[in-house]
Every structure is written in structure tokens, then in C-alpha cells.
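Here is a short briefing to read beside the structure. Keep the 3D view open and find each residue as it comes up.

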Amino acid sequence: MSETLEMHPELGREVEIGSIDRELHQLWAEDEARTNASLINLAVYSERPGALEENSRTIRELTREHACRALLIGIDRDAGKTSIRAWITAHCHLSHGHKSVCCEQIAFALTGRATGRLRNTVFAHLNSDLPMVVWWQGELSPIFSERFHGLIDRFVFDSAEWRDPRESFGRIEEAMEHSRQMIIHDLAWSRSHQMRVSLAALFDDPVAQAALPAIDRVEIVHHPDQHCAALQLLAWLAVQAGWRDGLELDLALSGESRGGYSFENQGGVPVVATLKADPQSAAVGALVLRGGEVTVEVRHEAGARFLTRRLEAPGHAMEAPGPVDPVAPAEVLGEQLSRGGRNRLFLKILPRFMRLLAGREDR
Amino acid sequence: MRGDWRNRAEHMTNPFREDLVSRSTPEPCTVVIFGATGDLTHRKLVPALYNLAVDGELPPGVKILGFARRDKSDEEFRTGLEDLNRKVSRSGHDEEVWGSFVQNIHYHRSEFGDADGYKRLAERLDEIDRERGGKGNRLFYVASAPEFFDDILEHLKDAGLNACREGCWSRVIVEKPFGTDLATAQHLNEVVNRTFEEKDTYRIDHYLGKETAQNLMVLRFANAIFEPLWNHRFIDQIQITCSENLGMEGGRGGYYDKSGALRDMVQNHLLQLLSLVAMEPPTDLSADGVRDEKVKVLRSLRQWDTPEKVADNVVRGQYVAGHVDGRSVPGYREEDRVDPESMTESYVALRLLVDTWRWSGVPFYIRMGKRLPKKATEISVHFKSPPDVLFSAAHGGLPGSNVLVIRIQPDEGISLRMVSKMPGTSLRLEPVKMDFHYATSFGKSSPEAYERLLLDAMAGDATLFARRDEVEEAWRFIDHIERAWHDVPGDQQPAMAEFVAGSWGPKEADDLLRADGHAWRRL
């Protein structure tokens with residue numbers, strides 16, 4: 001029996017760093033009825049005080065659908081004391097009512113100068129051969145360096161948490177230059193997924209499709225915290241519809257409406273887009289396209305369980321519900337993990353998004 | 001104005017679809033279900049469409065029109081569907097989604113043989129198209145009893161419903177059984193092809209919509225370690241088992257006693273699985289690319305075309321009274337709606353040989369039966385043993401060879417049996433199992449087979465549907481066996497074996513494999 005330290009009500013058994021593997025092995029040996037499942041290594045990084053406990057609860061929910069080895073990382077770079085502590089536990093769920101399926105979790109708390117040992121300490125405990133997914137919470141800190149991101153297969157972040165998205169996206173772009181295998185996922189982009197799917201479904205209708213060249217007004221309503229999500233949605237619209245930036249109109253608009261963006265469609269028709277921040281709105285509350293007598297809209301009323309998809313044209317009206325994107329970060333992450341893929345569409349719209357972001361901030 | 005839009009949109013693509021779904025895009029259409037008051041519609045088809053709506057996969061503008069003989073209003077039809085959807089829907093029943101979904105469901109009463117009913121159907125579909133606007137795509141789902149298939153298809157043609165307007169499509173999905181022998185299948189194919197083009201005909205086999213069946217091609221062709229071993233040099237035998245613990249409950253004896261295990265399951269589901277296991281890599285993943293390779297397997301099946309060959313390679317059986325799941329159950333001939341002198345098999349075991357370079361000399365064994373100990377469908381690939389020069393009898397010998405098992409249902413997954421040294425100072429070998437469970441690894445439930453297949457039909461992707469030649473080749477093989485069982489004089493017919501309900505089948509089926517030095521895998 002190895003020497004164990006104290007038990008944490010959420011994080012489990014505290015263990016010596018040097019004996020993590022042995023303790024994990026013992027954890028499994030205690031109960032042979034459980035099945036250990038893991039498809040990915042999921043590291044969750046946070047510098048927020050109290051994040052380890054909160055993330056442990058999040059992982060408990062996430063592992064219902066995504067079997068993983070979870071590595072929780074809590075960092076306090078400013079602490080005077082240098083220390084590394086670790087806890088192990090397992091999140092178990094009944095699969096189909098009978099089999100107990102469990103996922104391991106190792107939580108690390110690093111303080112002071114010990115944060116420099118993050119890579120060697122934490123990443124020594126990966127489940128070999130499985131992909132490495134890192135969910136970075138909050139601002140990108142100096143720890144997000146080449147030595148760190150060089151190990152990552154998928155990097156998940158939430159641009160809604162950034163004070164300066166332009167600067168942070170610049171660092172992400174640099175990281176992608178160095179670590180070309182790394183796939184990036186912005187949870188802000190994931191928050192508009194069903195909005196995009198719904199709009200695409202509406203444009204399967206030939207009436208909407210034929211009206212696309214005539215669309216000249218776009219309105220996006222979003223929560224004030226989700227400006228990036230709204231701007232990414234606009235960038236996606238512009239890229240997919242083939243709209244060019246309309247700088248002159250944009251400048252003209254800037255004086256009268258801070259939320260205005262202008263484009264020019266392939267036929268030279270000006271398209272004006274407006275972003276409206278509404279504290280009552282869902283993350284992305286509405287996407288409305290208008291042109292002539294045609295309106296194509298997708299709305300997510302705050303608190304509603306379904307999107308409203310609507311197409312209106314003379315003599316032609318259609319309305320249908322669509323699924324909404326989840327709200328809680330863990331659920332958004334879960335959906336994103338289910339979709340997988342290389343996120344090519346996001347990479348495709350990223351340059352346009354960056355231009356829109358820069359344009360807005362330059363004003 | 002609307003017509004103008006339709007013309008303009010004809011050659012456009014939807015730019016917003018890119019990268020949002022990695023599958024062909026289903027198109028808005030009206031789904032007309034023949035046999036709309038039946039169990040399949042209530043338990044499978046409408047819940048499948050509802051679940052697609054919940055997941056946002058159903059294109060907006062899809063309408064459902066139930067066609068059946070009973071007198072019902074739209075409201076009555078909807079109420080019946082709602083009652084069952086509450087019980088069987090995979091994702092539960094949400095009032096809000098159902099409230100919107102059900103507005104698109106209508107009922108059309110007509111006899112299947114009434115020409116006037118189809119004219120009224122055509123008018124109603126035109127009316128729906130006018131109301132909905134956009135394209136007038138139609139998907140006809142023939143889920144009625146098989147004796148009405150001909151009538152339905154002929155009348156669709158007479159009413160002009162088989163033809164589509166420019167820029168639209170008209171497709172038909174035909175449920176099993178697709179014929180009862182080669183002649184009836186050929187006749188039905190002729191009727192179908194007189195009515196719909198082959199590219200617009202979707203013969204459904206719901207086994208192909210199951211996740212593991214779809215995963216078979218991925219397993220074989222996306223993993224470099226398997227394909228080099230997937231041939232007669234490394235594989236000793238392959239077994240396909242489909243066991244059911246149920247018997248003839250719920251009045252199914254009436255249908256089953258006319259069909260039997262061979263026609264009900266082997267001709268379609270199990271030969272389809274065999275095709276996926278044995279086929280060559282297709283040139284691409286197009287529907288015909290895959291089906292071209294599958295049909296080659298069926299064409300390469302060695303034909304058991306004499307009663308002697310059937311007797312040597314096929315075992316038929318019936319269960320006698322016994323116990324299943326701790327309950328006493330009657331014998332097959334004592335079951336409800338079964339002829340007390342029935343010569344219909346409730347169990348069948350076959351040895352098949354695929355005469356291709358790849359599979360030369362490798363037996364494929366198929367067994368299917370009712371009232372076996374448990375419900376399970378799986379494919380097991382048994383590899384040849386390595387030379388025993390190292391681990392000879394002196395060390396206890398090799399405890400069996402490698403077996404790769406692909407579980408279709410329940411508990412979909414894949415396992416690999418390997419040999420390992422037992423811990424200790426002596427050299428003792430034991431089999432160990434590496435096991436992958438879909439449900440354990442992916443917490444999210446898979447869509448029902450019908451969801452995937454309906455969506456594919458709306459998207460025009462026929463990969464997971466049987467083509468005419470596949471169906472006919474399968475019947476060609478099955479027909480020889482049926483003839484040996486039923487058309488030759490009684491004293492020359494292969495015997496009907498008996499086994500106790502709740503056991504793994506008759507002794508004769510064990511002997512079939514024992515003659516080759518093999519044994520059925522223990523499930």
C-alpha cells in the first residue's frame with residue numbers, strides 16, 4: 001500500500017507526483033467491475049482560482065458522452081510559494097443501465113516557479129497513442145508557448161473570454177504556423193453552429209437560393225459578451241456568399257452606425273450588415289437576411305429550446321424549428337468533440353474574421 | 001414569380017452547406033407512405049422522421065402523406081402516430097417539436113387498387129407543392145403488405161406519379177420482402193423498373209443502416225493492418241450468426257410460417273453482411289462503386305444446386321418445447337398461427353464458399369435461428385493458427401487462434417482475441433480479448449437505421465440500399481436450397497432437424513462445422 005495524502009471531496013485522492021501511475025493502477029485494481037474507457041487525453045488549463053473543482057464537475061458531465069483521460073491543470077503563476085500537488089479520481093457512469101464505465105482524472109495544481117515545470121510534469125501522464133486535446137480557459141498567458149502547443153492535437157479556446165481578441169488570435173495564428181498539426185476550435189464559433197446549419201437548411205429551398213443575389217441587408221443580434229461569435233458568423237456569411245468587403249460604404253457607415261459593416265455581392269449589389277448587442281439575447285439571438293420581398297431568418301429567443309427557422313417570400317412561407325446550440329461551455333465543448341474534423345471552415349473564414357475584427361477596432 | 005425562382009435556382013448550389021455536414025444533402029420532398037396505418041409506419045418510419053427533425057437533419061419543408069385503406073382524418077392519423085412516438089422515439093417526445101412536425105403530416109384514404117385514389121393523390125401532392133413552393137420532390141415508401149407492391153407501383157405509373165418535373169425527383173423505397181423467390185423478385189423488379197428508373201429505386205435493408213454494418217468498410221479499408229490479412233492465406237473461416245430469443249409472439253407465426261429463416265433473414269440481411277465482409281475494395285465510395293463489388297461476391301457463391309449438395313452444406317431445423325430466459329416456451333409447430341405439420345425452418349445453418357482468388361477454400365458459415373439462448377448478431381473472422389514449432393504441446397499448446405468479432409447487435413462493437421502469456425515462471429498461454437464497445441466509447445446514441453436510410457434516400461445516396469442485381473443474385477443462391485427442401489419428392493428432401501428451444505441449435509449444425517474441423521463460436 002502506497003502512502004497517500006489527504007482526500008479532496010471533488011478532486012479525489014491526493015497523491016505524490018512520482019507515484020501517480022502506481023496510484024491510478026491501484027484505483028482500478030480496487031474494483032474490477034468497472035470499465036476504463038478513453039478516446040482522448042483532455043487537458044483543461046485554467047489560471048482562475050477555484051477552477052480545478054469547477055472543471056472536475058464539468059468533466060464529470062462531459063465524460064457521460066466523451067470517454068477521456070482528463071488532466072486538470074490549475075495554475076497560480078503569481079504565488080510566492082513553489083509547489084506541485086496532484087489528485088486522482090475516476091468519473092463513473094452507468095452505460096445502458098448496467099455497466100459502470102469510468103474515466104480517469106488527474107488534477108494538478110502548480111504554483112510559483114513550479115509552473116515552469118508544467119510540460120514535463122503534466123504531460124508525462126498522457127495516455128499514449130490517444131490524441132491530445134487542450135481546453136484553454138481564459139486569456140492566453142506566457143505558458144502558451146511553442147514548447148506547450150507543440151504537443152497539442154486539438155486546441156480549444158473561447159474567444160468570448162478574451163479582452164483583446166485581435167491580439168490573442170494573432171498568437172493563435174503564430175502557434176498554427178509553428179505547430180501545423182494543431183487543429184483549433186473556438187467555442188464562440190461553435191455557439192453559432194446550429195444557426196449556420198439552420199440557415200443552410202433554409203437555403204436548400206430554391207426560393208431562398210434564387211433570392212441570394214438580391215440579399216442586401218443582414219442583421220445579427222447577439223449577447224454583448226459574444227461579439228466574436230457574431231462577427232465570425234458574419235465572416236462566414238460573407239465568405240460563403242462570395243461578398244467582397246465594401247470599404248467606401250463601410251467608412252460612410254462608420255459615422256452613423258458603429259454596428260455596420262458593408263460588403264458587395266458578386267453582382268455588385270451593396271450589402272449592409274448590422275450587428276446589434278442585446279443583453280437579453282441568447283449568445284447569437286438572430287440572423288436575418290433580407291432582399292426585395294424575401295426574408296430568411298433564424299432566431300433563438302433567449303431561453304427557447306429550439307431555433308425558429310423562417311423563410312418568407314411572396315406566396316411562399318415556411319417555418320420550422322431547429323435544434324439550438326448548447327449554452328454551458330462543457331456542453332459546447334462536448335458538441336465540438338462529437339463533430340471532430342479539422343475545422344477547415346473556421347480556418348477558411350478566419351482571415352476575413354480577422355479583417356472585420358481589425359476594421360472595427362481601427363475605427 | 002415562384003416559377004421564375006425555381007428556374008433561376010435550378011443550377012445553383014447552396015454555398016452555406018459547405019463543411020457543415022459530411023454527407024450528401026437531403027432535399028425537401030413529400031414522403032408518401034403506403035401502408036400508413038401499419039406497425040412499420042408507427043414504430044419506425046414516423047419516429048425516424050421525427051428524430052431527424054429533432055436533430056435538425058430533416059430538411060425544412062418535408063411533408064408526410066400517409067396512404068392507407070382505413071377511413072381516418074388527418075387528426076386521427078396524427079393522434080395514432082403521436083401515441084406511439086411517445087413510446088418509441090429514440091430522443092423522447094417533445095411537444096414543441098411534435099407540434100410543428102405534425103403540421104406536415106396528412107392522411108390520404110384509398111384502396112391500393114383504386115385508380116381514382118391515385119389520381120386524387122396526384123392532385124393532393126400538387127396542392128402540397130403549390131402550398132410549399134419550391135421543388136416538387138416525391139419519395140414513395142412502399143411499406144404495405146407485399147401482395148400490394150405490384151398494384152401500388154402500377155397505379156403510381158398510371159397516375160403519372162413516377163415521373164418527375166424538370167429539376168425534381170421521384171423516388172421509391174421498397175420494403176422487404178423483395179420477392180419470395182427469384183421469379184417473384186424478377187417480376188417485382190420488372191414492375192419497379194417499368195415504373196421507376198433503377199437509380200430512383202431504393203430497396204431497403206435496415207441492417208445496412210446499422211452503425212457497425214457501416215463501420216465494416218471503415219474497419220477493413222481505413223486500417224492498414226487488416227486488409228493484408230483479409231484473405232485465404234491468413235483467414236481460416238468466417239462465421240455470421242444471427243440468433244433471436246423470441247419465437248412467434250405477437251401473431252408473427254402467420255407470416256413467418258410462409259417465409260422461414262432462410263428467406264426472412266439469410267436472403268437479405270445476412271448475405272448483405274457477407275458481401276460487405278468478402279468484397280474487394282471498391283474503386284470509390286459511390287453507390288454503384290460499392291454495390292458493384294458486393295454483387296461480385298454474390299455471383300461468386302458456389303451454388304448448392306442439387307439436393308445432395310444442399311444436404312451436405314445446409315441444415316434446417318425447428319425448435320421443440322424448451323426454456324428461454326427461464327420461461328417455458330412451446331415448440332415451433334405448437335406456436336400461434338403456425339401449421340402443426342409445418343415444414344418451415346425456424347433455424348438454418350449454411351456452409352458457403354466464395355469462389356474468388358481471395359477466398360479460395362475459406363468456408364463462410366451462416367446460422368440464423370429463433371428461440372436460441374439470446375439475441376445477438378455478429379460476424380467473427382477466425383484467423384489461421386501460427387506454426388506451432390515454438391509453442392507446441394510441451395508448453396500446453398496454443399489456446400485457439402486470433403478471432404476478430406464484429407458485433408452488429410446488441411452492444412455494437414469490435415473485439416479481437418489474442419494469445420498472451422499468463423503471469424508466472426512457467427510458459428502458459430491463454431486467450432485474452434481486446435474489446436471496443438460503441439456505447440462505452442461514444443456516449444452519444446447512434447441514430448436508428450431508418451433515420452440514416454430515409455435521409456440517404458432524400459439525398460439520392462443509394463449506397464446502403466440493395467440494387468436489382470444484388471437481390472436477384474441472392475435469390476438465385478437461395479432458390480436452389482428452397483427447391484431441394486420443398487420441390488423434390490419427400491424421401492429425397494434433406495431432413496428437418498430438431499433442437500430444444502433455448503439451446504444453440506441442432507446437433508446437425510454442429511456436425512456441419514465439425515466435418516471441416518471447426519466449431520461454432522460460443523456467444
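Helix α8 of chain B has these buried residues: B:T212, B:A213, B:Q214, B:N215, B:L216, B:M217, B:L219 and B:R220. That is eight of the eleven residues in the helix, which runs over residues 211-221, so the rest of the structure largely encloses it. Keep in mind that this is a predicted model.

**Nonpolar cores**

- The largest nonpolar core has 145 residues.
- Which residues have the most contacts inside this core? They are B:F34, B:F101, B:L121, B:V266, B:L271, B:L350 and B:F364.
- Helix α10 of chain B, residues 261-278, gives the largest share of this core, with eleven residues.
- Leaving aside residues up to four places away in sequence, B:F34 has many partners. Among them are the aromatic-ring residues B:F67, B:F112, B:Y118, B:F140 and B:Y141. B:F34 also touches B:L121, B:V142, B:A143, B:S144, B:I152 and B:L156.
- A second core, separate from the largest one, has 89 residues. It includes A:I88, A:M132, A:F263 and A:V298.

**Where chain A meets chain B**

- Chain A puts 45 residues into the contact, and chain B puts in 37.
- The size of an interface is often given as the accessible area lost when the parts come together.
- Here the area buried between chain A and chain B is about 3700 Å². Carbon and sulfur atoms give 61% of that area.
- How many salt bridges cross the interface of chain A and chain B? The rule finds four.
- One salt bridge joins B:D94 and A:R305, whose closest N and O atoms are 2.3 Å apart.
- Ten residue pairs are in polar contact between chain A and chain B, counting pairs with both residues at pLDDT 80 or more.
- Several elements of chain A each supply at least two residues to the side that touches chain B. They include the helices α7 (193-202), α8 (206-211), α9 (227-241), α11 (329-339) and α12 (344-362). The strands β7 (99-111), β17 (306-313) and β18 (316-323) of chain A do so too.
- The largest share of this side of chain A comes from α7(A), with six residues.
- By class, the side of chain A that touches chain B has 25 nonpolar, nine polar and eleven charged residues.

**Chain A as a whole**

- Chain A has twelve helices and 18 strands.
- Its C-alpha trace spans about 75 × 45 × 35 Å along the principal axes.
- Of the 363 residues in chain A, 57% are buried.
- Now take contacts in chain A between residues at least 6 apart in sequence. Of these, 69% join residues at least 24 apart.

**Two buried residues in helices**

- A:S56 lies in helix α2 of chain A, residues 51-62. Its relative accessibility is 0%, so A:S56 counts as buried.
- Not counting residues up to four places away in sequence, A:S56 touches A:E10, A:L11, A:L72, A:H91 and A:Q105.
- B:E451 sits in helix α14 of chain B, residues 449-459. Is B:E451 buried or exposed? B:E451 is buried because its relative accessible area is 1%.
- B:E451 and B:Y50 are 401 residues apart along the chain, yet their C-alpha atoms are separated by 9.1 Å.
- Not counting residues up to four places away in sequence, B:E451 touches B:A48, B:N51, B:L52 and B:R90.

**Backbone details in chain B**

- Most residues other than glycine have a negative phi, and most peptide bonds are trans.
- The peptide bond from B:K176 to B:P177 is cis, with omega near 5°. B:P177 lies in the loop between β5 (170-174) and α7 (182-195) of chain B.
- B:Q409 and B:P410 are also joined by a cis peptide bond, with omega about -15°. B:P410 is in the loop between β14 (403-409) and β15 (413-421) of chain B.
- B:R337 has a positive phi, near 65°, and is not a glycine. B:R337 is in the loop between β10 (327-329) and β11 (347-353) of chain B. With a relative accessible area of 59%, B:R337 is exposed.
- B:R371 has a positive phi of about 55° and is not a glycine either. B:R371 lies in the loop between β12 (363-369) and β13 (376-383) of chain B. At 2% relative accessibility, B:R371 counts as buried.

Terms used
Residues numbered from 1 in each chain as written. Chains lettered and ligands numbered in written order. Predicted model: local features only at pLDDT ≥ 70, side-chain atom pairs only at ≥ 80, totals over all residues. Heavy atoms only, no water. Contact = heavy atoms within 4.5 Å. Buried area = accessible area lost by both parts, 1.4 Å probe. Salt bridge = Lys/Arg side-chain N within 4 Å of Asp/Glu carboxyl O. Polar contact = N/O pair within 3.5 Å; in protein donor to acceptor, adjacent residues only side chain to side chain. Helix = DSSP H or I, 4+ residues; strand = E, 2+ residues; numbered from the N terminus. Nonpolar A, V, L, I, M, F, W, Y, C, P; charged D, E, K, R; others polar. Core = buried A, V, L, I, M, F, W, Y, C linked by side-chain atoms within 4.5 Å. Buried < 20%, exposed > 50% of the residue type's maximum accessible area, 1.4 Å probe, protein only.
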